[in-house]
Structure formats: structure tokens, C-alpha cells
Amino acid sequence: MKKQYDIIIAGGGLSGLTASILFSKDFDVLFIDPDAYPRHKMCGEYLSNEVIDFLKDLDIDLNRESSMNLEQLKFTAAGHKEIECSLPQGGKGISRYHLDELLYNKAIANAGFLQEKVIDSLYENDTFTVTTSSYKLSCKQFIMATGKRSLLDKKLDRDFIRQKSPWLAVKMHYEYNMQDNLVELHNFEGGYAGVSKVENGHVNLCYLASYDSFKQHKNVSDFNKIVLSKNKFLDSFFKNARPVWEQPITISQISFEKKEPVENSILMMGDTAGLIHPLCGNGMAMAIHSAKIAFEELQPYLKQELSREQALANYSKRWKKTFNRRLKIGRVLQGILLNKTYTKLGFWFLRRFPFLLSIIIKSTHGKPI
Ligand SMILES: Cc1cc2nc3c(=O)[nH]c(=O)nc-3n(C[C@H](O)[C@H](O)[C@H](O)COP(=O)(O)OP(=O)(O)OC[C@H]3O[C@@H](n4cnc5c(N)ncnc54)[C@H](O)[C@@H]3O)c2cc1C
């Protein structure tokens, strides 16, 4: 196996795979991930349309891959009447099982893939040494695209790792009868659940819950019955939906703390640079978009037209300019949704002025890239 690369990317999720496709057209690229493809992944699987044209340019035509055009939002909370509005930009219902495999197949056309975990990285004498369980590799620029939380974050002692991460998430696919074009967002005590269809007609139920609300219940099944089912829409969902997997996917220790897009000269993409609250439905598009920005800003350095420091500073500045506002609005919205009084007030207000919901949604999304 080759030991030297222009770019090594830790993480083959959305941002890592997109960057591998882009950089490998002109540079020597290796991406490293412990997973084999295809695989299911924690996600609400609503992909904002802002990246559809960009993916088409990469020869991934999602209109061919999924007919689930998510255009309507239904929003509910226990004890309140539902609110419906159209989604200003809309999105695609597509499973991570399928989407990541499409990107993976494109990435391996020109980039190398190593199915291992990156366990360490060192920046010395203008070169990165990247260590996996079996190899020591080197590259001009190391990129972290390791998602919400990884052992590399711990190794780097990043600020957010030292803060509390009191969130967990649960995902399951079901057979269930619902409209193809609808995304449902259901509020419950301590969290919220998204429900929508993916390309094969299965319905994805994915929720985020605070650890405090979950810990009083023994398991996901009890939590679903006792807490989520207090919302009558979720109660009806659980009574009528048939799970298609034996077990749900669960993850814990999710942190929404602020992160930096560049640390120790390492470029961070996707959730590794900043995680937007899932209720915004914009994390996947942001991950893909951040890979595009990384490619555009690092190219001049790799072509020896700009110093590494300047290229990384440009990336950091552009990342913040593009995403900081959305992240801030996401934080405010999540705060409102998880507070009973604010939710009550919010519902009262939005039922009278439903057009405001579309405006709020718009503010958590970007223009098509
Ligand atoms: C509950 C929930 C629901 C969500 N719903 C939506 C939604 O509906 N729409 C939306 O747009 N966004 C949603 N998001 C956000 C979205 O899933 C993420 O923003 C997106 O997956 C980020 O992509 P990424 O490339 O940063 O990371 P990921 O796609 O998570 O990929 C990270 C990769 O890094 C690998 N990795 C980790 N550690 C290492 C290591 N040490 N070495 C090598 N590889 C490593 C992992 O195996 C993984 O493959 C949701 C998030 C949550 C928590």
C-alpha cells in the first residue's frame, strides 16, 4: 500500500466521501473509515434540495434515485393541534444506506480507501503523519470528517469534548402508510421525532432525546410507549407501523457545542466542524457543502499558489460566514421546542401566522450550491 498522499481524509460519511470525489480528480487522495458500504447510519434522511444540483454535477442524480420529494411539513406537539406548511426549498427522502453508497462508488473511482480507524495524527515539519491500526501514512494535508464525535477529537482534546453531551438519538425504518411528500416533526417531552419516507418506500422514524428524559426508562421500547406516545400522532404511528429491522440504531453523547473548522492545522468538515440541531434538517447539506468549500480553498495550497496557513484561514473564514448563522438559529429553535411554555406560545403564534413557519425554516437553510 502507498504511504504518501496529497490528502488523507479520516471519515467516509457525507463530507469525507464528497471531498474524496472532488480532490481525487487532481490529487492523490486516501479516505479512511472503519465501515464497509453500504451501511445504515443515524440520520433523519431528509436531504435539503440545496445540494441536489451540485450532486448532479458529480454525476449523482437523486431525482433518478428517489421519487420521495419532501415538500410539506406537519408539526405537532402533545396537547396541541397540528400545523402544516410547505417546505420553502423542499428536499429528498433518501436513506444513508443508499446515498453514502452512491458517493462511495464515485469516490473509489479515483481515491484510495482504507477500511480502518484513524487512531492518531501528528503535524511536524510541514507534513502530517496519520496512524491507523496497521499503517503509518503521511500527507500534505490531513482532513477530519469523523462526524459528531470520535477518538481523534479526544486525542486533540477539543473544547467540545470536555463539555456535557446530554443527547441521544434513535432511528428505525418501518412499513407505514403516509404521504410520499410529507415530513412530520413531532414534539415530545425532552425531544422530537422526524418521520418521512425514503427511496424504497420505508418510513424512517428518527428522534433526538435528552439523556435526562430517557434515563428514567429502561429501554427504547418503554421510552417509545411511555414518553413519545403521549403525542397522539406518535401513539398512532407506533400502533400502525411495522418495524423492518430487528433493532433500532442508537447513538449517545451527541454534542451541539461550538467547534472550530480548523484546529492544529487540521481541516474539519461536516459535523466535525459544527453540528446543527437535527430539527433544521440541514446537516447533510452542510456536510456536502463544507467539502466543496474545503476543495475550493485548499486547491491553491496544493498547487503551491498559496501558503497552507492562508488557505486554512480562508477555509475557516468562509465556513463561519456560510454556516454560523444557521447554527445559531438552530440553537434558538431547539431551546424553544424543548421548553413547554415556549412551545405552547410558539404553537399559539404559528397557528395564527402559519407563513412564519416557512420563514423560520428558510433561515436554517442556504441557497442552492
Ligand atoms: C438524530 C439526528 C437526525 C438527523 N437528521 C438529519 C436530517 O434529516 N437531514 C439532515 O440534513 N441532517 C440530519 N442530521 C445531521 C446529519 O446526519 C449529519 O450532519 C451528517 O451525517 C454529517 O455528515 P459528516 O460527513 O460530517 O459525518 P458522518 O456522515 O457522521 O460520517 C462520519 C464518518 O466518520 C467515520 N469515523 C469516525 N471516527 C473515525 C476514525 N477515527 N477514523 C476513520 N473514520 C472515522 C464514521 O465511521 C463515519 O462513517 C441528523 C443528525 C442526528 C443526530
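Visitor: In this model, is D6 buried or exposed?

Guide: The model is a predicted one, and in it D6 has a relative accessible area of 15%, which places this residue among the buried ones, because the cut-off for that class is under 20%.

Visitor: How should I read a charged residue of this kind, and which residue forms a salt bridge with D6?

Guide: The general idea is that side chains carrying opposite charges can pair when their charged atoms come close. Here the partner of D6 is K140, and the closest N and O atoms of the two are 3.0 Å apart. Since D6 belongs to strand 1 (residues 4-10) and K140 to strand 9 (residues 136-144), the pair ties together parts that are 134 residues apart in sequence. On the accessibility scale, K140 counts as partly exposed at 37%, whereas D6 is buried.

Visitor: How many salt bridges does the structure hold?

Guide: There are 24 salt bridges in the structure, and two further pairs are worth setting beside the one just described. One of them joins the side chains of K197 and D180, with 2.7 Å from N to O. K197 sits in strand 12 (residues 191-197) and D180 in the loop between strand 10 (167-175) and strand 11, so this contact ties together parts that are 17 residues apart in sequence. In this pair the lysine, K197, is buried at 11% relative accessibility, while the aspartate, D180, is partly exposed at 36%.

Visitor: And which residue meets R318 in a salt bridge?

Guide: That residue is E296, and the N to O distance is 2.6 Å. Because R318 lies in helix 10 and E296 in helix 9, their pairing ties together parts that are 22 residues apart in sequence. Both ends of this bridge are partly exposed, R318 with 26% relative accessibility and E296 with 30%. Salt bridges can also link up, as they do for D35, R39, R96 and D100, which are connected in a network.

Visitor: Let us turn to empty space. How many cavities of 30 Å³ or more does the structure hold?

Guide: The general idea is that a probe the size of a water molecule, rolled over the atoms, shows where empty space is left. By that approach the structure has 2 cavities of 30 Å³ or more. The largest cavity contains about 40 Å³ of space, and its lining is made by Y46, L87, P88, Q89, G90, I361, K362 and H365. Strand 5 (83-93) and helix 12 (355-363) each give at least two residues to that lining, with the largest share, 4 residues, coming from strand 5. Sorted by class, this lining has 4 nonpolar, 3 polar and 1 charged residue.

Visitor: Which residues line the second largest cavity?

Guide: The second largest cavity, with a volume of about 40 Å³, is lined by G270, D271, G274, I276, G283, M286, A287, S290, W319 and F323. Helix 9 (283-302) and helix 10 (308-337) are the elements that contribute two or more residues to this lining, and the largest share, 4 residues, belongs to helix 9. Its classes are 5 nonpolar, 4 polar and 1 charged. Helix 9 and helix 10 are also the elements that hold E296 and R318, respectively.

Visitor: What can be said about the second largest pocket, and how much space lies in it?

Guide: The second largest pocket contains about 350 Å³ of space. It is lined by 18 residues, of which N187, F188, E189, G190 and K340 are the closest to its centre. The elements giving two or more residues to the lining are strand 11 (182-188) and helix 11 (340-352), and helix 11 provides the largest share, 3 residues. The lining is divided into 6 nonpolar, 8 polar and 4 charged residues.

Visitor: Finally, which residues make the nonpolar surface patch of about 530 Å²?

Guide: W348, F349, F353, F355 and I359 make that patch, and helix 11 and helix 12 each supply at least two of its residues. I359, for instance, is placed in helix 12 and is partly exposed, with a relative accessible area of 49%. Helix 12 thereby appears in two of our topics, as a contributor to the lining of the largest cavity and to this nonpolar patch.

Terms used
Residues are numbered from 1 along each chain as its sequence is written. This is a predicted model: local features need pLDDT of at least 70, side-chain atom pairs count only at pLDDT 80 or more; totals for chains, interfaces and linings use all residues. Side-chain values use heavy atoms; hydrogens and water are left out. On a 1 Å grid over the protein atoms alone, a cavity is a set of points where a 1.4 Å probe fits but cannot get out, and a pocket is an open set with protein on both sides within 12 Å along at least five of seven lines; lining residues have an atom within 4 Å of a point. Grid points are joined across faces, edges and corners, and a volume is the space filled by probe spheres set on the points. Ala, Val, Leu, Ile, Met, Phe, Trp, Tyr, Cys and Pro count as nonpolar, Asp, Glu, Lys and Arg as charged, and the others, Gly among them, as polar. Patches are made of residues with over 30% relative accessible area and no salt bridge: like charges are joined within 9 Å, nonpolar side chains (Val, Leu, Ile, Met, Phe, Trp, Tyr) within 5 Å. Accessible areas come from the Shrake-Rupley method with a 1.4 Å probe; for residues, only the protein chains shown count as cover. A salt bridge is a side-chain nitrogen of Lys or Arg within 4 Å of a carboxyl oxygen of Asp or Glu. Buried means under 20% relative accessible area, exposed over 50%, partly exposed in between (1.4 Å probe, protein chains only).
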